[in-house]
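Hi,

Here is the structure I promised to pass on. Have a look at it first, and then read my notes below.

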Amino acid sequence: MELALAMPHLRAVPTDGATAPPPETPDAELLALVAERDRAAFDLLYHRYVRSVFGLALRRLGDRGRAEDAVQEAFAAIWRSAASYKPERGNAAGWLYTVARNAIVDRFRTAGAPVIAEVPDLAADEPGPAERAEASFVAWRIHRALEELPRREREVVELAYWSGMSQSEVAEYLHLPLGTVKTRTRSALARLSGLLEGELG
Amino acid sequence: MTHGPDFDELLGGEPLGPEREQLRRVHEMLLTAGPPPELPPHLEAGPNLAMTTVRRRRQVRRRVALLAAAAVAVAVVFLGGYITGNRGPGKTISAVRTIQLQGTAAAPDALASLRVQPEDESGNWPMTLDVTGLPALPDRGYYAVYLVRNGKPWASCGWFLVSGPHAGTTVTLNAPYGLRSGDTWIVTRVVAGKTKGAGETVMRPANA
């Protein structure tokens, strides 16, 4: 706390006593509020997307320190540019992805020779690069959607997909019946399917 | 190589029809996405004032970078034990190590040495890979280095190209993740448009 008081640039964004928008407010409405300099809306948008932005930056920059700087710049760009978002031109998630990606690419270009963790992003109309760009966007949307899952469902998904545990091991680790783990997994996938409806073609 | 859980084992026989295909698509997206990153405490805490300050961006950016580094250092000192004890299965590692990799049947002459450097203040683990014996790949092909956790490719640590099997190649890579005891690395071959997931494993630890 003393650190934050002594260094005002790292203070949390004040919300000016404004009423926070409800947690279920769509991204597009949050962007409209951010365009009007609503800091509470910005705070909500930040928490929805910070993991996606940091994940994208890590994939591109391959360095945690530079990725953290890129997150800073990406959200600064979102704050500055929110008024330019036009809902009729596409969904908000895509716009946020583009703004964040551009900020990260700027960091990539200005910070000298980077350590590359991912093959550089390339023109979207070429087969290989397009697939890589798609993979980045898929990760963006998945990591964003995971934030919406109830904690107990998110937990089983993360353990099942990224811990290397079998379902039986997940059940043992969480002290749950195997059937409960399967039910939660199925429920989580169904919920993600709903959240990602626009992506599933 | 298995790149994640098996969909049919995960869900069993239900549901059927279009709903099952929808869930399978989500399953594939989860495999493509990989794990979400662990956020440093200062990003977890919320947005900061500098993000909403338009003027004097350069100065602000520089100060924020310095302060962020200071905040990370403080957080590492005070929260290191907490984080270490709350990362779920597995424990973190701290020692520098060198891993010898050898070619699989896909690249039987390949040999490599992967040196993992000490963790830096931002949580990166810089690495140096010295490799020989890998053949050059066709256009849009590259070799990828994957962190392997619990026996499965977990996250990318970089990529490289080689000019041919007789040319030694040295590349600098990075693992910007919290490493754990038991983590290791493989080299895979990726051909754009033909490869799904991590790609075919062409090198694995010599003692595996």
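Let's start in chain A, where the axes of helix α3 (residues 39-61) and helix α4 (residues 64-81) come within 9 Å and cross at roughly 135°. Before going on, please keep in mind that this is a predicted model: local features need pLDDT of at least 70, side-chain atom pairs count only at pLDDT 80 or more, and totals for chains, interfaces and linings use all residues. Residues are numbered from 1 along each chain as its sequence is written, while chains are lettered from A and ligands numbered from 1 in the order in which they are written.

A few words on terms. Helices (H or I, at least four residues) and strands (E, at least two) are DSSP runs, numbered from the N terminus. Axes are lines fitted to C-alpha atoms, for helices over the stretch in contact, and angles run from 0 to 180 degrees between N-to-C directions.

Back to that first pair: α3(A) and α4(A) are oblique to each other because of their crossing angle (under 35 degrees is roughly parallel, over 145 roughly antiparallel, 65 to 115 roughly perpendicular, and the rest oblique). α3(A) passes α4(A) in a right-handed crossing, that is, with the near helix turned clockwise from the far one by less than a right angle; anticlockwise would be left-handed. On the α3(A) side the contact has A:F42, A:Y46, A:V50, A:V53, A:F54, A:A57, A:L58 and A:L61, and these meet A:R64, A:R66, A:A67, A:A70, A:V71, A:A74, A:F75 and A:W79 in α4(A) (a contact needs C-beta atoms, placed from the backbone, within 7 Å). These residues divide into 14 nonpolar, no polar and two charged (Ala, Val, Leu, Ile, Met, Phe, Trp, Tyr, Cys and Pro are nonpolar, Asp, Glu, Lys and Arg charged, and the others, Gly among them, polar).

Further along chain A, the axes of helix α7 (residues 151-162) and helix α8 (residues 167-174) come within 10 Å and cross at roughly 135°. That makes α7(A) oblique to α8(A), and α7(A) passes α8(A) in a right-handed crossing. A:V156, A:L159 and A:A160 of α7(A) make the contact with A:Q167, A:V170 and A:Y173 of α8(A). The residues here divide into five nonpolar, one polar and no charged.

As for chain A as a whole, it has nine helices and zero strands. Buried residues make up 44% of its 201 residues (buried means 20 or more other C-beta atoms within 10 Å of the residue's own, exposed 12 or fewer, partly exposed in between, with C-beta atoms placed from the backbone).

Now chain B. Eight of its strands form an open antiparallel sheet in the order β5-β4-β7-β8-β1-β2-β3-β6 (two strands pair if DSSP finds at least two bridges between them). The edge strands, each pairing on one side only, are β5 (152-160) and β6 (169-175). On average, neighbouring strands are turned by 30° against each other, direction ignored.

Take a look at strand β3 (residues 125-132) of chain B. Its covered face holds B:W125, B:M127, B:L129 and B:V131, and its uncovered face B:P126, B:T128, B:D130 and B:T132. Six bridges join β3(B) to strand β2 (residues 111-116), with B:L114 opposite B:L129. β3(B) also pairs with β6(B) in the antiparallel sense, over seven bridges, and there B:L129 stands opposite B:V171.

Cheers

Terms used:
Two residues are in contact if their C-beta atoms, placed from the backbone, lie within 7 Å.
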